[in-house]
Structures are given as structure tokens and as C-alpha cells.
Amino acid sequence: MATIKDVAKAAGVSVATVSRVINRSPKASTKAIESVNIAMAQLGYRPNANARALVSQSTNTMGVLVSDVSDPFFGTLIKAVDDVAHTQGKHLLIGNGYHNADEEREAIELLVNSRCESLVIHSKGLTDKELLSYTQEVRGMVLINRQIPEISHRCIALDNYKGAYLATEYLIRHGHTNIACISSSHHIEDVDARISGYLAALNDHNIELSNKYIVHCNPDSEGGEEAMTHLLTQSLPITAVFAYNDYMAAGAMSILDENGLDVPENVSVIGFDDGPIARYLTPKLTTIRYPIQMMAEQAARLSLDLANGETVHTEPVMLSPTLVRRNSVDKVRS
């Protein structure tokens, strides 16, 4: 691993000059800045990167990247990571990526440059190649809800396809054939996997539906309202709805209620995640459990073990979703 002395030698300047460039001192000349930046790029040197590996200079910080900290799903993830970090005397730094490559890249760069010794990353915007480059630099980096074959032992994910299949098949077993799918408008693999699971379940039971039965909106309660409104305006003979998450399900149920359609008497609804809201809706929401707390705790522990150079498992971790039966699904009525 390159040191600041290596950079100074490659740039043909003193260590003090390199330090001035790194700290953006006005005393650093334009020529020195150019030479040092070129040398750092060629050597793959990042300021303070090797300090992270030195116990005596440990910052005792963990970094976590999520899409949006205001989303309760990610709030649960962060709290779980923080609980594990706290037991190890670590402090937590948080970045928001909003499923956008530029935002995620900037957030990860900030966490790395803040000398975080462990990283738990939920990234949907960056390519596998970029994430691999970060894992090569930060040995304590773990991906959650993402699978990259080359680093599968540092990935913890959920089988979204299976979860959607379970949800759709559960509706089919209750006699439903006109099943709508309200999904997220985000261009991420979770969306593709859940729609694929939905379609596979329909196909395995010889059910053919038009593309009008699938609607994409923001993955929140407002998006659920918008999606359900759109479906109702199509006058489709819908008897059941599979929602991308519990908040979209809640929004859909609100619109059904406003239009005099009772759940589950007129329309059955099933969600995804099993977040706190699922237990407090009326009726209580049948949903697919996404064990994000357990996954985040596992990711945090793995991240700390990797950062400490401990031997860890070599098998990928792909968790199976489970069905949570409540009161929002009933048999189709003639």
C-alpha cells in the first residue's frame, strides 16, 4: 500500500509539499498540485487510507450508506447497524445515496475519506465494477441487499423474486386471478426481481393478464394512492393487489376505501417488508417479511470482523422471505 513518502518520491517533491496539497494549502503551487495529484492517482493513494488499518490511529467509526434516512425501512437498517457498532465502541457516520450513482459515489467517498474502518453499503446506483474497486480499498466493506459474485462472501441479500412469488401465489390460492401489481418506479434490481416473481407465479398457474395490471409509481403511500387510482380508472376486474412495499399497500387501501371498496371483502391486498405500519392498518396487512434488522446486524458484525482481519465465511448470504398472514387477504367472492 502506497504511503505519503511514496507519493512524494513519485511526484519529485517533499512530504511536506504532499501534505500541503492534500490539505489544500494556499502555499501549494499549481505545478506541485498537478504533480502530487498525478502521483496519487498512479499509486492509488488516498489520504489517510492506510491510517485506517493502524490500531493506534483508529477513528473508531463505521459508515453506512442508505437510500434515504427518512424512509422507515432504512431507519431500521441504520438503528440495527448502530446497535452493533455501539457494542464495539464505534461511532456511526451516515450517507444518503437516493439510488443515484453520483449521490452514492459522493457519499462513499466522504465515508472513506472520513477514515471509516467498516462500511455497510446499500447501493443501487453504482455499478458492480465501482463497488468492487471500493471493496479492494476498504477491507471492512459489506454490501447489503446486493449480490456481486466476485465478493459474494461480503454480500447479504434477500430473495426478492421468491418473496413476490410467495405473495402472488398466496393470492392465487385464495382464488384470485385478476391480480394487479403496484410497483416502484425506481430502476433497481429489486423492482425487476419482484415483478419477475409476480409474473412467474401467474404463469405457473396459467393466468394471463395484460400489462395494464402492472403500475409503477414512487414506492411510498402517495405512490400507492396514485397507482391504485390509475388501476381503478382502467375499470379492470381486479380482485387482489400485490404491492411493492407496505407503504404502497397502505396508499392503495386508502383509495379503495374512498371508493367504497372494502379490504378484503371486495379487494384483497398484500404488501412487502412487514414494517411497523403493517400491524396498525385496518385491516392488519398480510405481507412478506423482509428481515432487514437481522440482515443489518449481520452485515455490521461481518464488516467489523473483516476490518479486524478475522477469518469469515466464504459462502454468500441469501435470506429467504416469509409470508406473514393477517387480515387483508380473503377468498375471492363471486
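The following paragraphs describe a parallel sheet, the helices that pack on it, and the crossing of two helices in a predicted model.

The sheet offers a convenient starting point. Four strands form an open sheet in the order β7-β6-β8-β9, and their pairing is parallel. Strands β7 and β9 (268-270) lie at the edges, where each has a single partner strand; one side of each is therefore left without a neighbour in the sheet. On average, and with direction ignored, neighbouring strands of this sheet are turned by 20 degrees against each other.

Strand β6, which spans residues 179-184, can be examined next. Burial is extensive in the sense that six of its six residues are buried, and the strand is described as mostly covered. β6 is joined to strand β7 (residues 214-217) by four bridges, and these two strands run parallel. Within this pair, S183 has H216 of β7 as its bridge partner, while I182 stands opposite V215 in β7. β6 also pairs with strand β8 (residues 240-243), again in the parallel sense and over four bridges. Here the bridge partner of I182 is A243 in β8. Residue I182 thus serves as a reference point for both pairings, with V215 opposite it in β7 and A243 as its bridge partner in β8.

Helices pack on this sheet. Helix α7 (residues 160-173) touches β6, β8 and β9, and its direction makes about 170 degrees with that of β8. Helix α10 touches β6, β7, β8 and β9; the direction of α10 makes about 130 degrees with that of β6.

Helix α10 also takes part in a helix-helix contact. The axes of helix α9 (residues 221-233) and helix α10 (residues 246-258) come within 6 Å and cross at roughly 50 degrees. An angle under 35 degrees would count as roughly parallel, and one of 65 to 115 degrees as roughly perpendicular; α9 and α10 are therefore oblique to each other. Their crossing is right-handed. On the α9 side, the contact is made by S221, G223, G224, E225, M228, T229 and L232, and on the α10 side by Y247, M248, G251, A252, S254, I255 and L256. Sorted by class, the residues of this contact between α9 and α10 are seven nonpolar, six polar and one charged.

Taken together, helix α10 links the two parts of this description: α10 packs on the sheet, and α10 also crosses α9.

Notes: Residues are numbered from 1 along each chain as its sequence is written. This is a predicted model: local features need pLDDT of at least 70, side-chain atom pairs count only at pLDDT 80 or more; totals for chains, interfaces and linings use all residues. Side-chain values use heavy atoms; hydrogens and water are left out. Axes are lines fitted to C-alpha atoms, for helices over the stretch in contact, and angles run from 0 to 180 degrees between N-to-C directions. Angles under 35 degrees count as roughly parallel, over 145 as roughly antiparallel, 65 to 115 as roughly perpendicular and the rest as oblique. A crossing is left-handed if the near helix is turned anticlockwise from the far one by less than a right angle, and right-handed if clockwise. Contact means heavy atoms within 4.5 Å. Ala, Val, Leu, Ile, Met, Phe, Trp, Tyr, Cys and Pro count as nonpolar, Asp, Glu, Lys and Arg as charged, and the others, Gly among them, as polar. Buried means under 20% relative accessible area, exposed over 50%, partly exposed in between (1.4 Å probe, protein chains only). Two strands pair if DSSP finds at least two bridges between them.
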